[in-house]
Each structure stands twice: as structure tokens, then as C-alpha cells.
Amino acid sequence: MKMTSLKLKQILQERLSDTRYHTSYNRDKDTFRVEWKESRQGITITLPNVVAKYNQRGQEAIEELVEHITEALRIMNEEHQLAGMEKNIFPVIRATSFPSKTKANKELINREHTAETRIYYALDLGKSYRLIDKDLLESEGWTEDRINEIATFNLRSLDCDYNKDTVAGNDFYFIAKQDGYDASRILNEAFLEEMKANMKGEMAVAVPHQDVFIIADIQNKTGYDILAQMNMKFFAEGRIPITSLPFIYEDKQLEPVFILAKNKPENN
């Protein structure tokens with residue numbers, strides 16, 4: 001059957017018919033919202049995006065969406081604590097344009113990373129996670145440095161197995177574990193240094209979206225063009241896009257680069 005926004009709205013209303021939820025449809029914006037009646041906290045879905053996914057993947061796209069919505073609503077309605085959950089705290093990389101406050105106006109804990117990226121902190125809840133805000137931190141008497149220390153320590157425990165691909169004499173390494181922290185591995189300095197020691201040429205890295213981390217061993221001029229095209233493709237397809245710009249990794253520093261037509265990188 002051909003899917004339309006209105007058909008999708010009806011399906012979602014049926015699938016999310018819980019007396020504790022309130023659903024609404026915004027015809028002008030073509031969005032569907034489901035929220036808890038009591039707190040009014042909820043999630044807004046842009047229907048045309050889901051219709052496009054349905055046309056590609058069929059019923060699976062709707063099943064996945066319903067699962068994401070119910071999981072997000074469940075988390076919104078729970079009380080969370082950090083004490084005793086130390087092993088479940090990880091850093092996540094986001095674009096600098098990512099909001100620094102939640103929709104409920106709570107300030108999210110974050111720190112500087114590069115001109116393109118910022119670090120946030122997640123409390124892992126199994127199927128999903130919650131970004132840590134200042135209120136949660138203060139209610140437990142924790143400092144931002146403590147969160148950063150714990151999250152960085154936990155990050156080092158994640159394995160960094162990669163797939164390797166060689167294109168036009170350049171080596172590309174991909175980490176895509178789908179654990180929510182693929183891009184976060186850019187913060188694992190020991191791993192970056194180990195990779196750097198084994199590079200034949202210049203080392204570049206990229207975090208186009210949350211679920212992939214690319215490391216490139218650039219051995220000729222073509223390598224920069226390949227990395228730029230690859231990164232742009234991943235950036236366009238990612239569920240949580242981060243940055244379309246790759247970085248040169250030199251002296252433990254990450255420098256965003258624009259890839260020019262002449263194949264040479266230019267520092268941002």
C-alpha cells in the first residue's frame with residue numbers, strides 16, 4: 001500500500017493508544033506528537049521522513065519508530081540517578097549546533113572539544129540513553145570533572161575493532177559497533193596514538209555521525225578527496241549527524257579541514 005502522512009498518523013494513533021498518552025497532529029508542519037498527559041513531556045515525529053523510510057524499508061520502519069517512541073517516553077517518565085550507575089556513563093560527541101538545553105529547559109552538561117564538535121555525557125539505559133543535565137548532577141552532589149573522568153575511563157573499556165578498506169593507495173579504518181558510542185572513540189587518546197604510530201602517511205579522522213568513526217591513512221593527494229566524499233555521504237545518511245568536515249590528527253590535536261578541489265587540505 002502507498003503510505004501517506006495521514007495513513008501513518010492513523011497507524012501511530014492505533015499503535016500508541018495508551019490512556020496515559022496524549023497524541024496530536026499538526027497539519028501545517030506535518031508532524032505527529034505523542035506525550036505524557038500529566039507532564040506534557042513527549043516526542044514529535046516529522047511524518048514525511050518516516051514515509052520516506054517506509055517506502056524504502058516497509059513495515060520494519062514503523063516497528064522501529066514505535067519502539068523508539070515508547071522507549072523515549074518510558075525514559076522521560078522515570079527517575080534516574082547516577083550513584084551506582086557509574087559504569088553506565090559515557091561521553092557522546094555532538095555538533096556544536098546541538099542544543100545545550102533540553103526541551104524542558106534543563107541545562108545539559110557539555111564541554112568544548114573542537115570548532116566543530118562538543119562533548120556531552122550519557123547515562124546508558126540499555127536500549128537507549130539519557131543525556132545528563134545539571135539538575136541531575138547537582139541533585140547527587142557530583143562535579144562536571146567527576147562526570148568527565150568517569151565517562152572517559154568507561155570509554156577506554158570499549159573495544160576499538162575496525163574494518164579496513166584500501167582505496168587508491170590510501171587506507172581507511174571504520175569503527176561501527178552500533179553501540180551509540182562509535183564517534184565517541186575519537187576521545188580515546190591512547191587508541192589514536194596507537195593508530196598514529198602505525199600510519200604510513202598523514203592521519204586524518206572523521207565523525208560524520210554518531211554511529212561511525214573513520215580513521216584515514218592519507219598516502220597521496222587523492223586520499224583527501226576520497227575521505228571528503230566518504231564523509232559527506234555518511235554525514236547525509238546518519239541518524240544523528242555530527243560534522244561533514246574531517247580532522248587532521250597531529251601532535252594530539254584535531255584540526256578541522258576543508259578539502260579543496262586541488263586535493264590539498266586547508267585548515268579551518
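When I call a residue buried today, I mean that its relative accessible area is under 20%. With that in hand, let's start at helix 1, residues 5–15, where Ser5, Leu8, Lys9 and Leu12 are buried. These four cover an arc of only 105° around the axis, and so they sit on the same side of helix 1. If you like the textbook reason, an α-helix has 3.6 residues a turn, so residues three or four places apart point the same way.

Before I go on, please keep in mind that this is a predicted model.

Now the overall picture. The protein chain has seven helices and 14 strands. Its C-alpha trace spans about 60 × 50 × 30 Å along the principal axes. Of the 268 residues in the chain, 44% are buried.

Let's move to helix 7, which runs over residues 222–237. How far does helix 7 reach from its first C-alpha to its last? The span is 23 Å for 16 residues, close to the 22 Å expected at 1.5 Å a residue. The buried residues in helix 7 are Gly223, Tyr224, Ile226, Leu227, Met230 and Asn231. They lie on the same side of helix 7, because they cover an arc of only 160° around the axis. And which exposed residues does the face turned away from that buried side carry? Those are Gln229, Lys233 and Ala236.

One more helix, briefly. Leu47 is found in helix 2, residues 47–57. Leu47 counts as buried because its relative accessibility is 0%. Compare its position with Asp179: the two are 132 residues apart in sequence, and their C-alpha atoms are 26 Å apart in space.

On to charges. Side chains of opposite charge can pair when their charged atoms come close. In this model the count comes to 18 salt bridges, and I'll walk you through a few.

Arg20 and Asp18 meet through their side chains in a salt bridge, at 2.8 Å from N to O. Arg20 is partly exposed, at 47% relative accessibility, and Asp18 is partly exposed as well, at 24%.

Next, Arg57 forms a salt bridge with Glu64, with 3.0 Å between the closest N and O atoms. Arg57 has a relative accessible area of 33%, so it is partly exposed; Glu64, at 31%, is also partly exposed. There is a third partner here, since a network of salt bridges links Arg57, Glu60 and Glu64.

Then there is Lys196 with Glu250, whose side chains meet in a salt bridge at 3.4 Å, N to O. What does this pair link? It joins distant parts of the chain: Lys196 belongs to helix 6 and Glu250 to strand 12, residues 247–250, with their positions 54 residues apart in the numbering. Lys196 is partly exposed at 23% relative accessibility, and Glu250 is partly exposed at 37%.

Helix 6 comes back in the second largest pocket, so let's look there. This pocket holds about 330 Å³ of space. Its lining is made up of 17 residues, and His113, Ile119, Ile186, Leu187 and Glu189 lie nearest its centre. Which elements give two or more residues to this lining? They are helix 5 (144–156), helix 6 (189–197) and strand 13 (253–259). Helix 5 gives the most, with four residues. By residue type, the lining divides into eight nonpolar, five polar and four charged.

Last, a couple of backbone angles. Most residues other than glycine have a negative phi, and most peptide bonds are trans. Asp30 has a positive phi, near 55°, and is not a glycine. You'll find Asp30 in the loop between strand 1 (21–26) and strand 2 (31–36). Is Asp30 buried or exposed? Its relative accessibility is 18%, so it counts as buried, given the cut-off of under 20%.

Lys252 also has a positive phi, near 65°. Lys252 lies in the loop between strand 12 and strand 13. It is partly exposed, with a relative accessible area of 46%.

To tie up that corner of the structure: strand 12 holds Glu250, the salt-bridge partner of Lys196 in helix 6, the loop after it holds Lys252, and strand 13 helps line the second largest pocket, as does helix 6. Thanks, everyone, and I'm happy to take questions.

Methods
Residues are numbered from 1 along each chain as its sequence is written. This is a predicted model: local features need pLDDT of at least 70, side-chain atom pairs count only at pLDDT 80 or more; totals for chains, interfaces and linings use all residues. Side-chain values use heavy atoms; hydrogens and water are left out. On a 1 Å grid over the protein atoms alone, a cavity is a set of points where a 1.4 Å probe fits but cannot get out, and a pocket is an open set with protein on both sides within 12 Å along at least five of seven lines; lining residues have an atom within 4 Å of a point. Grid points are joined across faces, edges and corners, and a volume is the space filled by probe spheres set on the points. Ala, Val, Leu, Ile, Met, Phe, Trp, Tyr, Cys and Pro count as nonpolar, Asp, Glu, Lys and Arg as charged, and the others, Gly among them, as polar. The expected span of a helix is 1.5 Å times one less than its number of residues. Buried means under 20% relative accessible area, exposed over 50%, partly exposed in between (1.4 Å probe, protein chains only). The arc is that of the directions from the helix axis to the C-beta atoms. A salt bridge is a side-chain nitrogen of Lys or Arg within 4 Å of a carboxyl oxygen of Asp or Glu.
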